[in-house]
Amino acid sequence: MQTRNEMIVEPIGLNPDTLPRPLDFAALFGNPNPVEMEIGMGKGTFITEAAKARPDHNFFGIEWANWFWRYASDRLRRNHCTNARTVRADAPFFVREFVPDASLAVLHVYFPDPWPKKRHHKRRLIQEPFLKEVDRILVPGGRLQVVTDHKDYFEQIDTVVKGSKLTVVEYDRPGAAKEGEVVGTNFERKYIAEGRPFYAIAAVKSGAA
Ligand SMILES: C[S@@+](CC[C@H](N)C(=O)[O-])C[C@H]1O[C@@H](n2cnc3c(N)ncnc32)[C@H](O)[C@@H]1O
């Protein structure tokens with residue numbers, strides 16, 4: 001396993017302490033291309049493939065765990081993904097403090113931590129206040145995509161998304177997903193081997209894309 005010191009985060013990985021609040025994505029990426037964000041990118045399988053496949057889009061990844069953040073940032077760098085940036089941050093905090101209104105074309109959330117114990121449900125990412133933030137940060141016509149293997153969490157996600165201002169649409173399977181995959185992330189590949197079912201939902205913000 002690569003050690004933390006062998007991973008190079010610069011210039012993809014950014015220090016939130018040096019970033020303006022709110023962010024200016026066009027200034028950050030040096031172009032006005034649409035921005036897609038992934039929360040909880042883990043080892044960065046999805047974001048790396050997506051950034052390679054869509055060089056005319058910018059990708060911004062948020063990851064809380066230091067080792068995963070370093071691994072994904074190093075991987076994006078090794079793959080020459082100049083259209084990607086990442087931060088190590090707590091996503092609800094970062095979104096609230098840094099992400100401007102109407103600034104994201106897509107928000108990807110794949111296999112968010114399910115926090116299965118009832119007393120931990122309050123730690124789940126996808127809750128009513130978070131959906132208000134999602135509605136704030138998406139551009140009109142912008143899309144939210146969520147996939148989980150956890151039935152109970154999916155029921156909560158489904159209720160919260162359907163109760164929000166977003167409109168549920170058909171889930172869009174990313175182009176980098178291999179045959180039989182819903183999205184193509186590390187966790188999905190691990191869970192496929194265990195025979196787990198997957199649940200996916202997508203929703204868009206009203207207005208012209
Ligand atoms: C189950 S893993 C899924 C990783 C990846 N999306 C995949 O499918 O392979 C959940 C990821 O979300 C990250 N995470 C959990 N809470 C977070 C938070 N509040 N902010 C940012 N990342 C978070 C975890 O560190 C972990 O890498």
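**Exercise 1. Trace the sheet.** In which order do the 8 strands of the open sheet lie, and which are the edge strands?

*Solution.* Step one: in this predicted model, the open sheet has 8 strands, lined up as β1-β4-β3-β2-β5-β6-β8-β7. The pairing is mixed. Step two: look for strands that pair on one side only; these are β1 (13-14) and β7 (167-169), the edge strands.

**Exercise 2. Zoom in on two strands.** Find how β5 and β6 run relative to each other, parallel or antiparallel, and then find the partner of Leu 107.

*Solution.* Begin with the direction: strand β5 (residues 104-110) and strand β6 (residues 138-148) run parallel, joined by 6 bridges. Next, go to Leu 107, whose bridge partner in β6 is Leu 144. Now look at the helices on the sheet. Helix α3 (residues 66-78) lies across β1, β3 (58-63) and β4 (84-88), at about 165° to β4. Helix α4 (residues 91-98) packs on the sheet too, touching β2 (35-39), β3 and β4, and its direction makes about 130° with that of β3.

**Exercise 3. Explore the cores.** Which residues touch the most other members of the largest nonpolar core?

*Solution.* This core has 37 residues, and the ones to pick out are Phe 60, Ile 62, Phe 94 and Leu 107. Helix α6 (residues 151-162) gives the most to this core, with 5 residues. A second step leads to another core, lying apart, of 21 residues; among them are Met 41, Ala 84, Phe 111 and Tyr 191.

**Exercise 4. Classify the aromatic pairs.** Of the 12 aromatic pairs in the structure, take Phe 111 with Tyr 191: stacked or edge-to-face?

*Solution.* First, check the angle: the planes stand 65° apart, and the centres are 5.7 Å from each other. An angle over 60 degrees counts as edge-to-face, and that is the class of this pair. Then place the rings. Phe 111 belongs to the loop between β5 and α5 (128-137) and Tyr 191 to helix α7 (residues 186-193), so the pair ties together parts 80 residues apart in sequence. Both Phe 111 and Tyr 191 are buried.

For contrast, try Phe 154 and Tyr 199: with 25° between the planes and 5.5 Å centre to centre, this pair is stacked. Phe 154 sits in helix α6 and Tyr 199 in strand β8 (residues 199-204), 45 residues apart.

**Exercise 5. Find the charge over the ring.** Which residue lies over the face of Tyr 191?

*Solution.* Go to the ring of Tyr 191 and look over its face: Arg 196 lies there, at 4.0 Å from the ring centre. Likewise, Arg 88 lies over the face of Trp 64, at 4.3 Å from the ring centre.

Notes: Residues numbered from 1 in each chain as written. Predicted model: local features only at pLDDT ≥ 70, side-chain atom pairs only at ≥ 80, totals over all residues. Heavy atoms only, no water. Core = buried A, V, L, I, M, F, W, Y, C linked by side-chain atoms within 4.5 Å. Buried < 20%, exposed > 50% of the residue type's maximum accessible area, 1.4 Å probe, protein only. Helix = DSSP H or I, 4+ residues; strand = E, 2+ residues; numbered from the N terminus. Pairing = 2+ DSSP bridges. Contact = heavy atoms within 4.5 Å. Axes fitted to C-alpha atoms, helices over the stretch in contact; angles between N-to-C directions. Phe/Tyr/Trp six-rings, centres within 6.5 Å; stacked < 30°, edge-to-face > 60°. Lys NZ or Arg CZ within 6 Å of the ring centre and 35° of its normal.
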